[in-house]
Structures are given as structure tokens and as C-alpha cells.
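Q: I am new to this structure and would like a close look at a single part of it. Could you walk me through one helix and its surroundings?

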Amino acid sequence: MTEPEQPEVTDAAPSGSLRRLFKNSGIYALGGVGLKLMTALLAPIYTVILAPEQFGVWGLGSMLITGLMLAFNPALHGAVTRFYFDHEHEEAERRRFQGTIFSFLVVWSLFLAGILTLVGPQLFDALFDGLPFDTYGHFIIWTCVFSVLAVIPQATWTASEDAGKLVLINLATTATNLITAVGLVVLARIGVIGLFWARLAAVAVVAWPYLRFAKQHIQFTFDRKLLAGALAFS
């Protein structure tokens, strides 16, 4: 009786994974260098053209955007990345899950925007000196609203190792921010408000590819059980 033939073991899968790792790492590295170079070009705007008090206003505004994003997006990008692998081969389930997260984020961000618009003037007067809500608050709020649209596409591209799209969209965002800031602050000389316009323009311009992704890959629905699981994980 002959021995059954053993399947031939090859290293095709490991070598393929290794090539993909090096490819994605190279894309991320090049993208990271590009982002840092473009960001560095803004340094003269901050230190030469803007007065120190204007630089302080922009620093405080940037801090508020970063802090408020924790409320507008309660870490749901982590849940999208995690549960992507549970639904990797079940497109209908993935579309339903991501549609639930997308629906929640849009409704939640608009709700927060409405609340902050109502109470913002009083909060800014009580907490900040030299940062009037009517001048800067609306920019801060709507920058956060538009930024929410990036949550699901970026998390999906990260999970699926689509480094090219992720880096390209980040470069487009930074380039828009840079070009708009130079045009408004350096050429038009409108002051620090130009930086707020530039930040808002950057996230608004890339809203179109994010919405296109949502239309193609997301089922617009709402499932409280799926949302509860995502929020618990996040």
C-alpha cells in the first residue's frame, strides 16, 4: 500500500505577504515624508507673517478641533477596522455594519453641531479670551462635521491594506490646506482667519471621494445592536 502523497509546501503565501508588507510600508513612508514636507512649508506663515497673538488664536483653534473630534467621532474608526475582518467575506453584512456606523456619525455630528451653535457664544465668552465664536467657532464646528466623513473610508482602507488610497487622500487634504493657506494668508493677507478657511476647505474638498465611497460600499441603514457593539468596542 503506497503512502498518500503529501501536498507540496511552498512559501508563496509568506513571500506574497512580505512583498505586500514592503510595498505598503514604502507607500506609507513616502506619503509620510510628503506630508511632513508640505506641513513644514506652513512654518513661515506661522512665524513670520502672523503676529504672535494670531499664532495663539490658531493654536487654540487647532486644539479645539482635535478635542472636539473625540466627541464627534467616539473612536468608531477602531470598531470599523476591527469588525472589517469579521465581515471581510460577507459583503452584505459589512455594508450593513458600516451603514449603521455612517448613519450614526452623520446624525450625531449634525446634532452636536446644532447644540454647539446654540451654546457656543456663551461657552467661548466664558472660556476663551480673544477667540470670538462668531469669527472662529463656526469654522471649528464644521471642520469637525466634515472630518467625520473620513472615518469609515480611512478605517476600511487601513484594514484592507489599501495604502495607496489612504496616502493619496491624505496628501490631497494637506495640499489643499497648504495652497489655500498660502493664497489667503500670504497673498490675500486676510490674517489668521485664512488658516481656518484653509483647514475647512481641506476637509470639505475631500468630502466628495468619501461620499462616493459611501454610495458604492455602504448600505444606509441603522441597527441598534450593531451600533451598541461598535460603541462598546470603541
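Here is the part I have in mind, followed by a connected answer.

Q: Please take helix α10 (residues 207-217): which of its residues are buried, which exposed residues sit on the face turned away from them, and what covers the buried ones?

A: Happy to help! Keep in mind that this is a predicted model. For orientation, the protein chain has eleven helices and zero strands, and 39% of its 234 residues count as buried.

Now to α10 itself. Buried in this helix, which spans residues 207-217, are Ala-207, Tyr-210, Phe-213 and Ala-214. Looking down the axis of α10, you find these buried residues within an arc of 125 degrees, so they line one face of the helix. On the face turned away from that buried side, α10 carries the exposed residues Trp-208 and Lys-215.

What lies over the buried side? The cover includes α5, α6, α7 (151-159), α8 (163-187) and α9. Let us visit some of these neighbours.

Helix α5 covers residues 91-127, and Ser-109 has its place there. With a relative accessible area of 2%, Ser-109 is buried. Setting aside neighbours within four places in sequence, Ser-109 is in contact with Phe-72, Val-145 and Val-148.

Next come α6 and α9, and a pair of aromatic rings that links them. The structure holds 14 aromatic pairs. In one of them, the ring centres of Phe-139 and Phe-196 are 6.4 Å apart and the planes stand at 55 degrees, so this pair is tilted. Phe-139 belongs to α6 (residues 133-148) and Phe-196 to α9 (residues 193-205), so the pair ties together parts that are 57 residues apart in sequence. Both partners are shielded: Phe-139 counts as buried at 11% relative accessibility, and Phe-196 counts as buried at 1%. These two rings also belong to one aromatic cluster, formed by Trp-58, Tyr-136, Phe-139, Phe-196 and Trp-197.

Finally, step back to the chain as a whole. Among its contacts between residues at least 6 apart in sequence, 81% join residues at least 24 apart. The protein chain exposes about 13500 Å², with carbon and sulfur atoms supplying 66% of that area.

To recap the view from α10: one face is lined by buried residues, the face turned away carries Trp-208 and Lys-215, and the helices covering the buried residues include α6 and α9, which the Phe-139 and Phe-196 pair ties together.

How values were computed: Residues are numbered from 1 along each chain as its sequence is written. This is a predicted model: local features need pLDDT of at least 70, side-chain atom pairs count only at pLDDT 80 or more; totals for chains, interfaces and linings use all residues. Side-chain values use heavy atoms; hydrogens and water are left out. Rings of Phe, Tyr and Trp (its six-membered ring) pair if their centres lie within 6.5 Å; planes under 30 degrees apart count as stacked, over 60 as edge-to-face and the rest as tilted. Helices (H or I, at least four residues) and strands (E, at least two) are DSSP runs, numbered from the N terminus. Buried means under 20% relative accessible area, exposed over 50%, partly exposed in between (1.4 Å probe, protein chains only). Contact means heavy atoms within 4.5 Å. Accessible areas come from the Shrake-Rupley method with a 1.4 Å probe; for residues, only the protein chains shown count as cover. The arc is that of the directions from the helix axis to the C-beta atoms.
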